[in-house]
Amino acid sequence: MSDGAPGAVGLATKLEAQLPAAGVRETQEVILSGFPRDPGLKKAQEAILANPDIGAMRKLAIDTRLGRGVPRNYQLAYLWASLAAAAGDRSAANLRDDLDRMALAAEDESWKEAFADAAAEALRLWTERGLGEAIHAAMAQ
């Protein structure tokens, strides 16, 4: 999590480039699991699920991709980008596509597996929580 420190995102990116994809994924999972007390990420996710909003989904995808105010986590970024893209957000679709390209470039299957899990969770949320219906109803108002 960069917390707005100048150069923090760039430094994290440089460090990640020196690690295998599996190491980056594992590190991100450890960091995320260390933030159970962090209300920012949990509150943001709960707010979106309670009141689906495409812009909020895109913002959370970007924030988790960069580690801006929340732990940096590509799998969560993929989840929220997928949901916003499913609702028609082109910027979120581009972010998801960038993450897919990162997965293809990785030397192992870590990101492909993580993003497949995120896509499955996005589909579950979209259907079981009725996110698609809620978003389209809100857009119709």
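Contact here means heavy atoms within 4.5 Å.

**Figure 1. Overall view of the predicted model, a chain with eight helices and zero strands.** Read from the start of the sequence to its end, the elements follow the pattern α-α-α-α-α-α-α-α. The radius of gyration is 15 Å, close to the 14 Å that the globule rule gives for 141 residues, so the chain is as compact as a globular protein of that length. Along the principal axes, the C-alpha atoms fill a box of roughly 50 × 30 × 25 Å. Of the contacts with a separation of 6 or more, 64% join residues 24 or more positions apart.

**Figure 2. Confidence of the prediction along the chain.** The mean pLDDT of the chain is 85, and 90% of the residues reach 70 or more. Among the elements, helix α1, formed by residues 8-17, has the lowest mean pLDDT, at 73. Helix α5, formed by residues 74-86, has the highest, at 96.

**Figure 3. Surface and charges of the chain.** The accessible surface comes to about 7,800 Å², and carbon and sulfur atoms account for 56% of this area. Buried residues make up 38% of the 141 residues. The chain carries 16 positive and 20 negative charges, and the mean positions of these two sets are 5 Å apart.

**Figure 4. Close-up of R25 in helix α2.** Helix α2 spans residues 21-33 and includes R25. Is R25 buried or exposed? With a relative accessibility of 16%, R25 counts as buried, because the cut-off for a buried residue is under 20%. When residues up to four places away in sequence are not counted, R25 touches Q75, S110, W111, E113, A114 and D117. One of these residues, A114, lies 89 residues from R25 along the chain, and the two C-alpha atoms are separated by 8.2 Å.

**Figure 5. Close-up of D63 in helix α4.** D63 belongs to the helix that covers residues 54-66. The relative accessibility of D63 is 6%, so this residue counts as buried. Which residues does D63 contact, leaving aside its neighbours within four places in sequence? The contacts of D63 on this basis are with R68 and V70.

**Figure 6. Close-up of E109 in the loop between α6 and α7.** The loop that holds E109 lies between α6, residues 90-105, and α7, residues 110-128. E109 has a relative accessibility of 42% and therefore counts as partly exposed. Although E109 and A21 are 88 residues apart along the chain, their C-alpha atoms are separated by 8.1 Å.

**Figure 7. Close-up of S91 in helix α6.** S91 has a relative accessibility of 45% and counts as partly exposed, because this class lies between the buried limit of 20% and the exposed limit of 50%. In sequence, S91 and G55 are 36 residues apart. In space, the C-alpha atoms of S91 and G55 are 9.9 Å apart.

Definitions and conventions:
Residues numbered from 1 in each chain as written. Predicted model: local features only at pLDDT ≥ 70, side-chain atom pairs only at ≥ 80, totals over all residues. Heavy atoms only, no water. Helix = DSSP H or I, 4+ residues; strand = E, 2+ residues; numbered from the N terminus. Rg over C-alpha atoms; globule rule 2.2 N^0.38 Å. Buried < 20%, exposed > 50% of the residue type's maximum accessible area, 1.4 Å probe, protein only. Areas by Shrake-Rupley, 256 points an atom, 1.4 Å probe, with all protein chains shown as cover. Lys, Arg positive; Asp, Glu negative; His and termini not counted. Charge placed at Lys NZ, Arg CZ, Asp CG, Glu CD. pLDDT = per-residue confidence, 0-100.
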